[in-house]
Amino acid sequence: MDMNTIQDLVPTAQPSDWRPGDAWLAGGTVLFSYGSSTLQRLLDITQGGWEPLTASAEGLEIAATCTIAELYAFAGELPPAASEWTSLAAVRPCCEAFVASFKVWNVSTVGGNVCTALPAGPMTALTAALDGQALVLSPDGSSRTLPVTEMVTGDGETALAPGELLRSITLPAQALGSRTAFRRLSLSNLGRSGVLVIGRLDPDGTFVLTVTASTVRPVQLRFGALPDQAELRAALDDAIPFTLYHDDVHGLPQWRQYMTERLSEEIRAELAGETEAGQ
């Protein structure tokens, strides 16, 4: 870390305090790793007093400052309000996809992982797959809500304007009551995700497939009912042009495309109750 241009650390969660040269600071695991030669102030939002997780009849609100450790613990000891939220079975596999030490888990935040917008960001995968709605606060005092699938727009790119702050992500109760299936692949045993796919079957029969890690931004496919293998393959081809597949040391686009299609079919077959993929 080399951030010798920082002049001040300001404990605030007020977007109106932001000015050019500032950066929002939560866990800082990525910010401190990358360093900076231009930032002048860090605005520390961890003292904002935000409740990490709030369960209600409407769904689950996850504060941007909620740590990975807090989310992981919540999924293991669900409060009564969340007892029917079967899709939270995807929480722990997504947390484990960090392949990080307990030290990182206790500092890294859900909001930070989403806002960093790395293709392999597992909190992006989780919140996008469960139709997460991001509440964004602006320096002018206004706020807006947008889906996580629209907030992360590319590799390291988001729809956030300068000074905007992610306050929370809400997972709606309808998505939380779904059945889910999770698949993840990496080129090495403890490597960054090369493909991460989550499927969801809602109580009304809607099938939702969310592709991350293999693509530079989240891609979500939605069907009124479970498709067959051919329909799913055709939908993936239509939704994901080859140029959208990520290309870095963690996997070539050709491999990511093939494994995305293969794991998506495994998920479809699992949620359909088939004993073998493609049966």
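This report describes a sheet, a helix with its surroundings, and the empty spaces in a predicted model.

**Sheet**

An open sheet is built from five strands, and their order across it is E4-E5-E10-E6-E7. The strands pair in antiparallel fashion. Strand E4, residues 53–56, and strand E7, residues 143–147, are the edge strands, each with pairing on one side only. From one strand to the next the twist averages 20°.

At the E7 edge, strand E6 (residues 133–137) runs antiparallel to E7 and is joined to it by five bridges. In this pair, Val136 stands opposite Arg144 of E7.

**Helix H2**

Helix H2 covers residues 68–76, and its buried residues are Ile68, Ala69, Leu71, Phe74 and Ala75. In an α-helix there are 3.6 residues to a turn, so residues three or four places apart point the same way. The cover over the buried residues of H2 includes two strands of the sheet, E4 and E5 (59–63). Helices also take part in this cover, among them H3 (91–96), H4 (102–105), H5 and H6 (122–129).

**Pocket and cavity**

Empty space left between atoms can be found by rolling a probe the size of a water molecule over them. The table sets out the largest pocket and the largest cavity.

| Space | Volume | Nonpolar lining residues | Polar lining residues | Charged lining residues |
|---|---|---|---|---|
| Largest pocket | About 1100 Å³ | 23 residues | 15 residues | four residues |
| Largest cavity | About 30 Å³ | five residues | three residues | one residue |

The lining of the largest pocket comprises 42 residues; those nearest the pocket centre are Val30, Gly112, Asn113, Cys115 and Thr116. Several elements supply at least two lining residues each: strands E2 (22–25), E9 (157–158) and E10 (165–172), together with helices H1 (31–34) and H5 (110–116). H5 makes the greatest contribution to this lining, giving five residues. Helix H5 is also among the elements that cover the buried residues of H2. Strand E10, which supplies part of the pocket lining, stands between E5 and E6 in the sheet order.

How many cavities of 30 Å³ or more does the model contain? The count is one. The largest cavity holds about 30 Å³ of space. Its lining consists of Leu118, Pro119, Thr124, Val152, Thr212, Thr215, Val216, Arg217 and Pro218. By class, five of the residues lining the largest cavity are nonpolar, three are polar and one is charged.

Terms used:
Residues are numbered from 1 along each chain as its sequence is written. This is a predicted model: local features need pLDDT of at least 70, side-chain atom pairs count only at pLDDT 80 or more; totals for chains, interfaces and linings use all residues. Side-chain values use heavy atoms; hydrogens and water are left out. Two strands pair if DSSP finds at least two bridges between them. Helices (H or I, at least four residues) and strands (E, at least two) are DSSP runs, numbered from the N terminus. Axes are lines fitted to C-alpha atoms, for helices over the stretch in contact, and angles run from 0 to 180 degrees between N-to-C directions. On a 1 Å grid over the protein atoms alone, a cavity is a set of points where a 1.4 Å probe fits but cannot get out, and a pocket is an open set with protein on both sides within 12 Å along at least five of seven lines; lining residues have an atom within 4 Å of a point. Grid points are joined across faces, edges and corners, and a volume is the space filled by probe spheres set on the points. Ala, Val, Leu, Ile, Met, Phe, Trp, Tyr, Cys and Pro count as nonpolar, Asp, Glu, Lys and Arg as charged, and the others, Gly among them, as polar. Buried means under 20% relative accessible area, exposed over 50%, partly exposed in between (1.4 Å probe, protein chains only). Contact means heavy atoms within 4.5 Å.
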